[in-house]
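Welcome! Take a moment to turn the model around on your screen, and then let us walk through its side chains together.

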Amino acid sequence: MVKKQPKILMAAAEAAPLAKVGGLGDVVGALPKELKRLGAEIKIIIPFYGSIDQKKFPVAQIGKPLTIVTGGGKETFSVWHHYLGPEKIEIILLRHRFFDGQEVYRGGRVGSHDRYTRTPADIKRFAFFSAAALAAIKTLGWQPDVIHCHDWHTALIPDLLKTVYKNERFFSKTRTLYTIHNLANQGMVGPEIIGFTKIDPTLPSIRADLKNGDLNFMVQGILGADLVNTVSPTYSKEILHHYQGAGIEKILRKRKKSLSGILNGIDTELFNPATDPLIAQNYTFKTIKNKTINKSALEKAAFWQKNKTPIVGLVSRLVWQKGLELIDDVLLELPCRFVILGSGNKDIEDKLLGLAKKYPDKFFVKIGFDLKLAQLIYAGSDIFLMPSQFEPCGLSQMVAMRYGTIPVVRKTGGLADTVNKLNGFAYLEQKQKNLIKALKSALDTYSTKPDKWLKLQKKGMDTDFSWGEAAKKYLRIYNKLILANIK
Ligand code: GLC
């Protein structure tokens, strides 16, 4: 007896296109559309950041302001909503001084909080948001079957349901799914935050966690949620081991039976070389010759002369995770040119800018976010590079393949699940010589085996990277949770 229309609440820090910093935003923005098509009833809840463009995304207030009591005193917030896209997915936005006039994250510049760092500036904002989200949903009277929480920002919701809302009939049937998008940001803080959240400190998950000294929001989500998943099958296995477990592999192993991996999709309507309005010339596999018009446009954007040398593109957050330390002078000896777009860690940005200065004819970097240039890189490059240290899923390699651009990647996480000999090039161990070998064999194929190159392009362009399959799998998980409830 499975519910035909399960009610699902997505709770997250980002939802594209209103508030997007990275892949998390893409997922929370795209998955609901597909779930709705499959019959689920979906709402998304995110903070109302000052950075949300209200001209593009008109909002309306729902009801009167609400007040919750935190350990720090009373906090008042208001509830707003926007109906997203032709599917009219309701996005609920919580407005509070923590988010007014603010970007999504305060812990430094976009994506700059690196490897397992603490993010104190953001902890209180998202602890408050998680508590306020439950209060808002209860006031709206919309009873979710499942609250689908994403990453550390909303990882306290399962604990809040078990303690603060323990005796509320309203949530008595609500179950939780926690999706790990990235173990690098865990939301770590001293135990004093427990008082602020009003979560019962004797909760077994909190007791287990505090053994390490700090309270770790990611750990709370993993231990507290009814089921847990990551964004690719390979990453869900890698994180059980020391080398990819980001220090919490033992905790993950405790939940091994409740942990699965579901590969993300991409928005194949948005990322379509046949219709993309941002590229110089649209094309399909049949008209792949027109891809060169985009290559010329990319050369122009990089202030280069037109020539036959292959272009290697990279669009990424510039952070440790992405393995960019492998890019240096040695790579510049290869017979190719590099175009890089992204922002993040200042040291990485400076290093790349230094290379661009030294090799102006071969190395172009733009620091920042530029949607048009990003699309031109996907369409105009011959090769797309992702030398990631780890990659929970990775969306860019799928976008690149859809544009007939051949990926050269490290075989890890979602990259291992999507790139293979039939559509690209991959290397296993994170060493520069391995990356160079993979790049060399791609460049060699490009220049001496045009038929094989075309085959690789066709395979990538023909593959279905849409959200359809993933949404069906998520629906199965939701139903599993609901079913367990009915019994
Ligand atoms: C994070 C991960 C990336 C994944 C994305 C969406 O940004 O680093 O691999 O694709 O989340 O799940």
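## Charges over rings

Let us begin with Lys-43, which lies over the face of Trp-142, at 4.9 Å from the ring centre. A second example involves Arg-95: its charged end sits over the ring of Trp-80, 5.6 Å from the centre of that ring. Please keep in mind as you read that this is a predicted model.

## The nonpolar cores

Which residues have the most contacts inside the largest nonpolar core? They are Leu-35, Phe-77, Leu-94, Tyr-178, Ile-180, Phe-217 and Tyr-478, in a core that has 105 residues. The element that gives the most to this core is helix α2 (residues 120–140), with twelve residues. Apart from it lies another core, of 34 residues, and among them are Ala-302, Phe-364, Met-461 and Phe-465.

Phe-217 is a good place to zoom in. Leaving aside residues up to four places away in sequence, Phe-217 touches Ile-123, Ala-127, Trp-152, Ala-155, Leu-156, Gln-186, Gly-187, Val-189 and Ile-193.

Tyr-178 and Ile-180, two of the core residues named above, bring us to strand β7 (residues 175–180). Five of the six residues of β7 are buried, so this strand is largely enclosed by the rest of the structure. Strand β6 (residues 146–150) runs parallel to β7, and five bridges join the two. If you would like to find one of these pairings, look for Ile-147, whose bridge partner in β7 is Thr-176.

## Aromatic rings

A pair of aromatic rings is described by the distance of the centres and the angle of the planes. In this structure the count comes to 21 aromatic pairs. Phe-98 and Phe-128 form one that is edge-to-face, with 5.5 Å from centre to centre and 85 degrees between the planes. Phe-98 lies in the loop between β5 (89–95) and α2, while Phe-128 is in helix α2, so the pair ties together parts that are 30 residues apart in sequence. Are these two residues buried or exposed? Both Phe-98 and Phe-128 are buried.

Now look at Phe-99 and Phe-129. Their ring centres are 6.5 Å apart and their planes stand at 85 degrees, so this pair is edge-to-face. Phe-99 is in the loop between β5 and α2 and Phe-129 is in helix α2, so to speak a link between distant parts of the chain, 30 residues apart. Phe-99 is buried, and so is Phe-129.

These four phenylalanines belong to one aromatic cluster, which also includes Tyr-49, Phe-77, Tyr-105, Phe-126, Trp-152 and Phe-217. Phe-77 and Phe-217 are also named among the residues with the most contacts inside the largest core.

## Salt bridges

Side chains of opposite charge can pair when their charged atoms come close. How many salt bridges does the structure hold? It holds 19 salt bridges, and the table shows some of them.

| Salt bridge | Closest N and O atoms |
|---|---|
| Asp-267 and Lys-33 | 3.3 Å |
| Lys-295 and Asp-382 | 2.8 Å |
| Glu-469 and Lys-472 | 3.3 Å |

The pair of Asp-267 and Lys-33 links distant parts of the chain, 234 residues apart. Asp-267 is in the loop between β11 (259–261) and α9 (291–301), and Lys-33 is in helix α1 (residues 23–37). At 18% relative accessibility, Asp-267 counts as buried, whereas Lys-33, at 22%, counts as partly exposed.

Lys-295 and Asp-382 are 87 residues apart, with Lys-295 in helix α9 and Asp-382 in the loop between α11 (371–380) and β15 (383–386). Lys-295 is buried, with a relative accessible area of 8%, and Asp-382, at 9%, counts as buried too.

Glu-469 and Lys-472 are three residues apart in helix α16 (residues 468–486), which means that about one helical turn separates them. Glu-469 is partly exposed at 47% relative accessibility, and Lys-472 is partly exposed with a relative accessible area of 39%.

Salt bridges can also be followed as a network here: Glu-34, Arg-37 and Glu-87 are linked in one.

## A last stop in a loop

The loop between β11 and α9 is also the place of Asn-264. Asn-264 is buried, with a relative accessible area of 6%. What does Asn-264 touch, not counting residues up to four places away in sequence? Its contacts are Val-27, Val-231, Cys-393, Leu-395, Met-398 and Trp-467.

Notes:
Residues numbered from 1 in each chain as written. Predicted model: local features only at pLDDT ≥ 70, side-chain atom pairs only at ≥ 80, totals over all residues. Heavy atoms only, no water. Core = buried A, V, L, I, M, F, W, Y, C linked by side-chain atoms within 4.5 Å. Buried < 20%, exposed > 50% of the residue type's maximum accessible area, 1.4 Å probe, protein only. Helix = DSSP H or I, 4+ residues; strand = E, 2+ residues; numbered from the N terminus. Contact = heavy atoms within 4.5 Å. Phe/Tyr/Trp six-rings, centres within 6.5 Å; stacked < 30°, edge-to-face > 60°. Lys NZ or Arg CZ within 6 Å of the ring centre and 35° of its normal. Salt bridge = Lys/Arg side-chain N within 4 Å of Asp/Glu carboxyl O. Pairing = 2+ DSSP bridges.
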